[in-house]
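Good morning, and thank you for making time for this presentation. I would ask you to keep the structure in view while I speak.

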Amino acid sequence: MHTQNITPIRPAPRTPYHSLGEDAKMRIPEWAQHRSVYRSAGRTLYVVETDKLAAASSDLARLDSAGWNVAVETAGPSARIALSRAA
């Protein structure tokens, strides 16, 4: 009898907040002060506004490594962060 260990493929986290959490649980970081979600055909865009960009840097690097498209636009002490991934 031949047996084989098969590791199930885990689906990609649904939101950037799931990517930041452990064990598929959401984690909304303190730096994510104002959050919006926009959906269109095949893509969801998460927009986060913050005045704590320095606090967000390690989380943004983690999201980038997890396959999220991360775009940051700064305006003085504030930043607008766009996070997206093809559906």
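I begin with helix 2, which covers residues 53–65 and so has 13 residues. From its first C-alpha to its last, helix 2 reaches 18 Å, close to the 18 Å expected at 1.5 Å a residue. Please bear in mind throughout that this is a predicted model.

Helix 2 nevertheless contains a kink of about 30°, centred on Asp 59. Just beyond the helix comes Gly 67, whose phi is positive, near 100°.

Which residues of helix 2 are buried? They are Ala 56, Asp 59, Leu 60 and Leu 63. A general point of geometry is useful at this stage. An α-helix has 3.6 residues a turn, so residues three or four places apart point the same way.

Asp 59 deserves a separate remark. Is this residue buried or exposed? Its relative accessible area is 9%, and because buried means under 20%, Asp 59 counts as buried. Leaving aside residues up to four places away in sequence, Asp 59 touches Leu 20, Arg 27, Pro 29 and Trp 31.

Ala 54, also in helix 2, provides a contrast. Its relative accessible area is 70%, and since exposed means over 50%, Ala 54 is exposed. Between Ala 54 and Trp 31 there are 8.9 Å in space, C-alpha to C-alpha, and the two residues are 23 apart in sequence.

Let me now place helix 2 within the chain. The chain has two helices and four strands, and along the sequence these follow the pattern α-β-β-α-β-β. Of its 87 residues, 29% count as buried. As for contacts between residues at least 6 apart in sequence, 46% of them join residues at least 24 apart.

The next topic is the pairing of strands. Strand 1, residues 34–40, and strand 2, residues 43–50, run antiparallel and are joined by seven bridges. What are the bridge partners in strand 2? For Arg 35, the partner is Val 48; for Ser 40, the partner is Arg 43. The two strands form a hairpin with two residues between them. In that turn, Gly 42 has a positive phi of about 75°.

I turn to the interior. The largest nonpolar core has 12 residues. Its members are Tyr 17, Leu 20, Trp 31, Ala 32, Tyr 46, Val 48, Ala 56, Leu 60, Leu 63, Trp 68, Ile 81 and Leu 83. Which elements give two or more residues to this core? They are helix 1 (16–20), strand 2, helix 2 and strand 4 (78–86). Helix 2 gives the most, with three residues. Ala 32, another member of the core, touches Val 48 and Glu 49, not counting residues up to four places away in sequence.

Finally, I come to the aromatic residues. How many aromatic pairs does a search of the whole structure find? There are two. One joins Tyr 17 and Tyr 46: the ring centres are 6.3 Å apart and the planes stand at 90°, so the pair is edge-to-face. This pair links distant parts of the chain, with Tyr 17 in helix 1 and Tyr 46 in strand 2, 29 residues apart. Tyr 17 counts as buried at 7% relative accessibility, and Tyr 46 counts as buried at 5%.

The other pair joins Tyr 46 and Trp 68. Here the ring centres are 5.9 Å apart and the planes lie at 80°, so this pair is edge-to-face. Why does it tie together separate parts of the chain? Tyr 46 lies in strand 2, whereas Trp 68 lies in the loop between helix 2 and strand 3 (69–75), so the parts joined are 22 residues apart in sequence. Both Tyr 46 and Trp 68 are buried. Through these ring pairs, Tyr 17, Tyr 46 and Trp 68 are linked into a cluster.

To close, I return to two points. Helix 2 has a kink centred on Asp 59, and this helix gives the most residues to the largest nonpolar core. The cluster of Tyr 17, Tyr 46 and Trp 68 belongs to that core as well. Thank you for your attention.

Note on methods:
Residues numbered from 1 in each chain as written. Predicted model: local features only at pLDDT ≥ 70, side-chain atom pairs only at ≥ 80, totals over all residues. Heavy atoms only, no water. Expected span 1.5 Å × (residues − 1). Bend = angle between axes of the 7 residues up to and from the residue. Buried < 20%, exposed > 50% of the residue type's maximum accessible area, 1.4 Å probe, protein only. Contact = heavy atoms within 4.5 Å. Pairing = 2+ DSSP bridges. Core = buried A, V, L, I, M, F, W, Y, C linked by side-chain atoms within 4.5 Å. Phe/Tyr/Trp six-rings, centres within 6.5 Å; stacked < 30°, edge-to-face > 60°.
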